[in-house]
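Here is a quick walk through a two-chain model, written for someone who would rather look at it than read about it. Keep the viewer open as you go.

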Amino acid sequence: MAEQRAGVIHDLGYRHYDGPREGVATIARTLYVTGLRHAFGLGRSGKSKILPFLLLALCTLPAAIVVGVVTIVGLSELPLTYAGYTNQVQLLISLFAAAQAPVLFSRDLRHRSIVLYLARPLPAYVIALTRWASLATALLVFSVLPLLVLYTGGLLAGLDVGEQTTDLLKALALLLLVASMLAGITGFISSVSLRRGFAVVGSIVALVVVPGVVTAVQAITSEEDADQVGVVAGLASPWSLTNGLASAWEAGVTVFTPPAGGWVVVYLAVAVLVAAAGLAAIVARFLKVGSQ
Amino acid sequence: MINVTITKLAAQALLGRRRFWLLLAFPVLLVALTVTITALTDGDAAWPLLPGLGYPVVLPLVAVLAASSVLGPEVDDGSIVYLLSKPISRHAVALSKWVVAWAATMVAGALPLYVSALVAGGGDRASAAGLAAVVAGTTYSALFLAVSAITRHAVIVSLLFVLIWEGLLGNLLTGVAWLSVAQWGLRIGHEVSTELPDPTNVPWAALASLVVTVGGVWFCGDRLRSFSLRGED
């Protein structure tokens with residue numbers, strides 16, 4: 001009994017396990033995969049699957065219809081670009097993020113089952129990072145799937161491969177940013193506000209109301225010939241940042257006050273900063289809860 | 001019929017700490033934005049904020065927050081069984097809770113909307129917007145209270161109704177107006193000022209609003225009558 005074994009609290013004197021031990025990396029990977037599955041309700045009750053898959057269906061169905069129209073009518077290009085499609089379904093992506101972030105971030109903290117995770121050799125910050133990665137991946141899967149339907153359908157219908165691929169890559173780069181920002185914002189809100197309902201409303205405020213305000217301000221400033229004010233206002237929400245960048249990269253999205261020149265760099269920097277700040281806030285939150 | 005103690009408890013739950021700040025944020029945001037834009041521009045520049053943001057987003061969000069705050073937390077942590085074990089009619093419980101949710105929706109939703117409308121333009125259309133907000137706010141609060149009694153995911157279901165059904169689909173398909181709380185409110189407001197759209201007809205709008213309001217509160221009481229506590233899914 002005198003020998004030292006690290007990191008395990010259960011030692012009742014039974015015969016112990018001598019086999020190979022997989023380290024922190026395996027635990028983190030398992031947690032990541034479980035989190036990703038839980039974000040879509042897989043491995044949870046049947047009722048929890050309804051909402052994510054309903055939203056996924058709503059998000060993907062128009063893409064399938066577009067492909068059908070392109071094929072039957074025989075268009076030579078897609079009626080909207082990939083980034084334009086994401087822009088059209090941004091409400092659904094926001095709702096998915098707001099609805100599923102509490103699943104990954106609130107439940108462990110609310111029921112204090114987080115202490116069971118922390119009793120294992122996985123540090124609090126790795127748990128936070130893993131949760132964030134699960135949500136960001138889930139968001140990426142959610143938003144990329146309809147684009148893949150469009151892309152595959154478009155190529156099968158004989159559209160220009162080079163053009164489509166360039167467009168898709170632009171949209172994918174934007175979606176990487178969107179997924180990181182949204183996962184950071186909704187994850188932080190859900191880990192602070194543990195009541196599911198308030199976490200959802202808080203996320204909706206950040207992802208739907210604030211972008212709505214920004215768009216309204218941009219529309220007014222563009223009308224009043226004060227475009228610079230609108231460009232600055234665009235820094236205030238994740239979606240206005242994304243749409244601003246999409247319009248600057250000519251990805252097929254029009255905004256009232258497109259950023260130009262140095263502003264594009266500022267937009268990109270702020271988007272990366274928002275994602276990083278969200279991630280840092282989540283990590284700080286888990287470290288605080290873990291030390292209680 | 002209304003139980004004062006339950007009303008008081010519901011009001012406390014609604015005004016407790018962080019919830020209150022979130023509820024307060026909406027009217028402050030809306031009025032501040034309208035005032036700023038009206039101050040910085042000439043003419044009607046701030047008016048589009050109301051049909052674009054205040055009426056279709058802020059008002060229902062306030063109603064969702066209010067309706068789910070008076071019932072949701074108790075269902076969530078199971079303490080509702082203590083309330084339901086008292087010899088009080090479940091319909092009285094529902095009605096008492098709805099009164100609080102309704103009052104909160106009026107104060108934090110309809111009133112600031114009316115104030116913003118006065119700031120942004122005033123005149124008949126401001127009164128019309130105020131009336132529409134009162135009608136829609138009343139209907140929303142009863143509808144969302146009923147949703148809170150049905151499912152644990154009341155907030156997200158209510159938001160789906162507002163944002164997807166009334167917002168996204170309502171913009172694409174005009175027929176949705178017949179089944180849209182916001183459009184009923186607008187139609188009744190249209191009677192005061194013709195600057196508001198007239199999507200359906202008045203008898204339908206008034207009747208539907210009334211039926212959903214009364215039916216929502218009654219249905220909530222009915223669900224509480226046969227309430228069973230379930231674990232988290």
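The expected span of a helix is 1.5 Å times one less than its number of residues. Keep that rule in mind for helix 4 of chain A in this predicted model. Helix 4 covers residues 90-110, which makes 21 residues. From first C-alpha to last, helix 4 of chain A reaches 29 Å, close to the expected 30 Å.

That doesn't make helix 4 of chain A perfectly regular, though: there is a kink of about 35° in it, centred on A:Val103. Helix 4 of chain A is also mostly covered, with 17 of its 21 residues buried. After helix 4 of chain A comes A:Arg112, and its phi is positive, near 60°.

**The two chains**

Now zoom out. Chain A has 11 helices and 0 strands, while chain B has 9 helices and, again, 0 strands. Here is how each chain looks overall:

| Chain | Residues | Buried share | C-alpha extent along principal axes |
|---|---|---|---|
| Chain A | 292 residues | 44% | about 75 × 45 × 35 Å |
| Chain B | 233 residues | 51% | roughly 60 × 35 × 35 Å |

What radius of gyration does chain B have, next to that of a compact globule with 233 residues? Chain B comes in at 18 Å, which agrees with the value near 17 Å for such a globule.

In chain A, take the contacts with a separation of 6 or more: 78% of them come from residues 24 or more positions apart. For chain B, 78% of the contacts between residues at least 6 apart in sequence join residues at least 24 apart.

**Where the chains meet**

How many residues does each chain bring to the contact? Chain B brings 27 residues and chain A brings 23 residues. On the chain B side, helix 2 (17-40), helix 3 (49-77) and helix 7 (154-172) each supply at least two residues. Helix 3 of chain B gives the most, with 11 residues. Sort the side of chain B that touches chain A by class and you get 18 nonpolar, 5 polar and 4 charged residues.

For a close look at one piece of this contact, pick helix 8 of chain A (residues 196-223) and helix 7 of chain B. They pack at an angle of about 30°, and their axes are 8 Å apart. From helix 8 of chain A come A:Gly197, A:Val200, A:Val201, A:Ile204 and A:Val208. Helix 7 of chain B meets them with B:Ala154, B:Val155, B:Ile156, B:Leu159 and B:Leu163. By class, this helix pair has 9 nonpolar residues and 1 polar residue in contact, and no charged ones.

**An enclosed helix in chain B**

Is helix 8 of chain B, residues 181-190, enclosed or open? Helix 8 of chain B is largely enclosed by the rest of the structure, because 10 of its 10 residues are buried. To count as buried, a residue needs 20 or more other C-beta atoms within 10 Å of its own. The buried residues of helix 8 of chain B include B:Trp184, B:Leu186 and B:Ile188, and also B:Gln183, B:Arg187 and B:His190.

What covers those buried residues of helix 8? The cover includes helix 3, helix 6 (124-150), helix 7 and helix 9 (202-225) of chain B. Two of these have come up already: helix 3 and helix 7 of chain B also supply residues to the side that touches chain A.

Note on methods. Residues are numbered from 1 along each chain as its sequence is written. Chains are lettered from A and ligands numbered from 1 in the order in which they are written. This is a predicted model: local features need pLDDT of at least 70, side-chain atom pairs count only at pLDDT 80 or more; totals for chains, interfaces and linings use all residues. Helices (H or I, at least four residues) and strands (E, at least two) are DSSP runs, numbered from the N terminus. The bend at a residue is the angle between axes fitted to the seven residues ending there and the seven starting there. A residue is buried if 20 or more other C-beta atoms lie within 10 Å of its own, exposed if 12 or fewer, and partly exposed in between; C-beta atoms are placed from the backbone. Two residues are in contact if their C-beta atoms, placed from the backbone, lie within 7 Å. Ala, Val, Leu, Ile, Met, Phe, Trp, Tyr, Cys and Pro count as nonpolar, Asp, Glu, Lys and Arg as charged, and the others, Gly among them, as polar. Axes are lines fitted to C-alpha atoms, for helices over the stretch in contact, and angles run from 0 to 180 degrees between N-to-C directions. The radius of gyration is taken over C-alpha atoms; the globule rule is 2.2 Å times the number of residues to the power 0.38.
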